Amino acid sequence: MKLVRVPAGPAKQPALGRLTRTQWGLKLLMVVLGSFLAAVGLELFLIPNGMIVGGMTGVSALFAHFTEMRLGLFLFVLNLPLILLSYRRVRREWILVTFLGLLVFSVSTLFLHPVPALLENGLPAALGGGLALGLGIGLVVRYGGTLDTLEMTNGTWKLKDAGAAYHGVMLLNLMILTGAGFIYGWEQAMYSILAYLLAYEMVHFAMRGFTVHRRVNIISLWPEDIEQEVERRLGRIAQYPQQPADEFEDNRGALTGEEDAGGARHRSRRTPHSFSYVVHFMEMPKFKAIVGAADPLAVITVEEQGVRRDGRPVN
């Protein structure tokens, strides 16, 4: 069984001129809401409890700690240069949405700074902060911007050596979280890592449209075996691409090859066929195991974009 993972690219956004005033207003409203939610995660959960995350947000938190200046100031000042440098590389819509998001993010953290923390216990604060921060950032990214220009460098700037840039960002995040251990203590550093991982997952959850279902595409020489096992053990029905009925029957007929006297299957007699399933993310490991047992050479592609339970894409 061969597993193929479709990389998560920036969500396709319609051109600015094609949006109606209502759509544009909704877009900006969701960016403002996401930015404020991210600020709540930082100022009311993470920062008061000595927890920081990675990316430019973590760098800003370290600068604020050492200089005793407000976090909101560094969130805006440190992200602004990367926005200006990317001006000629990206669409103006991204610049506008990102600038608005960062402005609301920074002002909100300044406004919420005097407010006492909602939770003072380490684990609940890490969970609440990671959840709020991740969902907030994910909302902004889903609607065409970002709140952390460092984390979005690969997808936004389209660097030639994206792998090296990705590893560079990961190394920087490791240094930030290690620095948090020396500054706030290693227990808080562990909570910071938990908050970072939760925020990371929540960002992708929001980008997928707040859905827990994914489309899984399969290419196999033995689709009938996979269909039988998946339907028996998970109750899922395969979805085939639309094609004329006579062509579909011809293809299905080509897939019913015979076994020889020893029971060996002759793959050379069969035609690969493509079909898909809509799978809950919690069922993904079991689903892959079922497909792998039915056809070890099947090619599985998991789409990053979320879908509804009936298979329709999330708008």
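Where does V77 sit in this protein? V77 has its place in helix α3, which runs over residues 71-85. Keep in mind that we're looking at a predicted model here.

So what's going on around V77? Together with M69 and L73, V77 makes a nonpolar patch on the surface, about 240 Å² in area. V77 counts as partly exposed because its relative accessible area is 41%, and the partly exposed class lies between 20% and 50%.

Now for the overall picture. The secondary structure comes to 11 helices and four strands. Take contacts between residues at least 6 apart in sequence: 80% of them join residues at least 24 apart. Some whole-protein values, side by side:

| Property | Value |
|---|---|
| Buried share of the 315 residues | 46% |
| Exposed area of the protein | about 16,900 Å² |
| Part of the exposed area from carbon and sulfur atoms | 63% |

Over to a helix pair. Helix α9 covers residues 223-234 and helix α11 covers residues 284-294; their axes come within 9 Å and cross at roughly 145 degrees. The crossing of α9 past α11 is right-handed. On the α9 side, the contact is made by D225, I226, E229, V230, R233 and L234. From α11, the residues taking part are K286, F287, I290, V291 and A294.

Methods: Residues are numbered from 1 along each chain as its sequence is written. This is a predicted model: local features need pLDDT of at least 70, side-chain atom pairs count only at pLDDT 80 or more; totals for chains, interfaces and linings use all residues. Side-chain values use heavy atoms; hydrogens and water are left out. Patches are made of residues with over 30% relative accessible area and no salt bridge: like charges are joined within 9 Å, nonpolar side chains (Val, Leu, Ile, Met, Phe, Trp, Tyr) within 5 Å. Accessible areas come from the Shrake-Rupley method with a 1.4 Å probe; for residues, only the protein chains shown count as cover. A salt bridge is a side-chain nitrogen of Lys or Arg within 4 Å of a carboxyl oxygen of Asp or Glu. Helices (H or I, at least four residues) and strands (E, at least two) are DSSP runs, numbered from the N terminus. Buried means under 20% relative accessible area, exposed over 50%, partly exposed in between (1.4 Å probe, protein chains only). Axes are lines fitted to C-alpha atoms, for helices over the stretch in contact, and angles run from 0 to 180 degrees between N-to-C directions. A crossing is left-handed if the near helix is turned anticlockwise from the far one by less than a right angle, and right-handed if clockwise. Contact means heavy atoms within 4.5 Å.
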